[in-house]
Amino acid sequence: MASLMPNFVSRFFRPFTSSSKMGLGPAEGGAQNIPDTAQKCTVAAGCFWGVEHLFRKNFGEEGLYDARVGYIGGDTNNPSYRAVCTGRTGHAEALQMTFDPSRLSYTTLLEFFYKMHDPTTKDRQGADAGTQYRSAIFYHSPEQQAAAKEVTEKVQQQWWKQGTVSTEVLEAGQWWDAEAYHQLYLHKNPGGYECPAHYIRKFPALS
């Protein structure tokens with residue numbers, strides 16, 4: 001249905017479902033054999049449809065093994081999309097990527113993250129407002145924590161100096177896959193809603 005509606009309107013008709021969660025394996029069309037050397041990168045930047053779409057489009061052939069949309073940062077178990085949308089579970093709509101660190105660096109992913117959304121609009125991206133749309137980096141190791149803080153400080157000083165970066169840098173807790181119909185949503189529904197705040201800014205290289 002979303003693909004038949006204007007993009008902005010379709011955002012408010014995102015389907016609710018009672019279907020069960022997918023497992024933690026790769027999404028449809030994702031990599032099936034992921035080596036032990038792979039690492040994870042988990043970020044939140046608003047509506048997860050567009051976040052997944054942009055990362056897959058830009059890194060799908062550059063060392064990105066898989067990307068799944070889901071929920072993180074909340075205080076309830078196995079949240080549904082309907083529950084997360086209320087803003088009362090504490091979860092953020094997020095993207096969890098599995099990547100090859102020998103081909104694609106964690107820093108590169110974080111820099112792209114700061115280019116593809118507006119981190120200065122607290123709890124909002126475009127018209128999508130609520131804590132579930134907050135900007136956040138969920139680190140998986142002390143090294144990722146240090147890298148996230150360093151990149152965040154640099155983008156505040158060099159890219160987003162006209163505003164205040166509101167991105168949270170937090171330890172990754174329990175991850176919950178979103179329902180099956182959210183995975184690869186814009187690949188399956190090319191006319192579906194894309195947040196207008198999701199586009200790649202042309203910033204100079206960080207120094």
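Are W49 and Y185 buried or exposed? I shall answer that in a moment. Please keep in mind throughout that we are looking at a predicted model.

Both W49 and Y185 are buried. Their rings form a stacked aromatic pair, with 3.7 Å from centre to centre and 10° between the planes. W49 belongs to helix α2 and Y185 to helix α6, so this pair ties together parts of the chain that lie 136 residues apart in sequence. A search of the whole structure finds 8 aromatic pairs.

Let me now step back to the chain as a whole. The protein chain holds 6 helices and 8 strands. Following the sequence from start to end, one reads the pattern α-β-α-β-α-β-α-β-β-β-α-β-β-α. Of its 207 residues, 46% count as buried. Consider next the contacts between residues at least 6 apart in sequence: 82% of these join residues at least 24 apart. The chain exposes about 10000 Å², and carbon and sulfur atoms supply 51% of that area.

I turn to the interior. In soluble globular proteins, nonpolar side chains tend to be buried together. Here, the largest nonpolar core has 44 residues, and the members that touch the most others are V43, F55, M97, Y106 and Y114. Which helix gives this core its largest share? That is helix α4, residues 106-116, with 7 residues. A second, separate core has 7 residues, including I72, A94, F138 and W175.

Helix α4 deserves a closer look. Its buried residues are Y106, L109, L110, F112, F113, Y114 and M116. These pack against β1, α2, β3, β6 and α5. Take Y106 as an example: leaving aside neighbours within four places in sequence, Y106 is in contact with K40, C41, F99, I137, Y139, Q144, A147 and A148.

Helix α2, residues 48-59, is our next element. At 1.5 Å a residue, its 12 residues should span 16 Å, and the C-alpha atoms at its ends are 16 Å apart, which agrees. The buried residues of α2 are F48, W49, G50, V51, E52, L54, F55 and F59. They pack against strands β1, β2 and β3 and against helices α4 and α6. Ring pairs also link F55, F59 and F112 into a cluster. Of these, F55 and F59 are among the buried residues of α2, while F112 is among those of α4.

We return to aromatic pairs for a second example. W159 and F203 are stacked as well, with 4.8 Å between the ring centres and 15° between the planes. W159 sits in the loop between α5 and β7, whereas F203 sits in the segment after α6, so that the pair links distant parts of the chain, 44 residues apart. How do the two partners compare in exposure? W159 has a relative accessible area of 7%, which is under the 20% cut-off, so W159 is buried. F203, at 22%, is partly exposed because that value falls between 20% and 50%. A ring can also have a charged group over its face: R201 lies over the face of Y199, at 3.9 Å from the ring centre.

The loop that holds W159 also contains K161. K161 is exposed, since its relative accessible area of 57% is over 50%. Leaving aside neighbours within four places in sequence, K161 is in contact with V155 and Q156. The C-alpha atoms of K161 and T120 are 9.6 Å apart, although 41 residues separate the two along the chain.

Finally, a word on backbone angles. Most residues other than glycine have a negative phi. Which way does D123 go, positive or negative? Its phi is positive, near 55°, and D123 is not a glycine. D123 is found in the loop between α4 and β4, and at 22% relative accessible area D123 is partly exposed. L184 also has a positive phi, of about 55°, without being a glycine. L184 lies in the loop between β8 and α6, and with 10% relative accessibility L184 counts as buried.

To close, I return to the opening pair: W49 and Y185 are both buried, and their stacked rings join helix α2 to helix α6.

Notes:
Residues are numbered from 1 along each chain as its sequence is written. This is a predicted model: local features need pLDDT of at least 70, side-chain atom pairs count only at pLDDT 80 or more; totals for chains, interfaces and linings use all residues. Side-chain values use heavy atoms; hydrogens and water are left out. A nonpolar core is a set of buried Ala, Val, Leu, Ile, Met, Phe, Trp, Tyr and Cys residues joined through side-chain atoms within 4.5 Å. Buried means under 20% relative accessible area, exposed over 50%, partly exposed in between (1.4 Å probe, protein chains only). Helices (H or I, at least four residues) and strands (E, at least two) are DSSP runs, numbered from the N terminus. Contact means heavy atoms within 4.5 Å. The expected span of a helix is 1.5 Å times one less than its number of residues. Rings of Phe, Tyr and Trp (its six-membered ring) pair if their centres lie within 6.5 Å; planes under 30 degrees apart count as stacked, over 60 as edge-to-face and the rest as tilted. A charge sits over a ring if NZ of Lys or CZ of Arg is within 6 Å of the ring centre and within 35 degrees of the ring normal. Accessible areas come from the Shrake-Rupley method with a 1.4 Å probe; for residues, only the protein chains shown count as cover.
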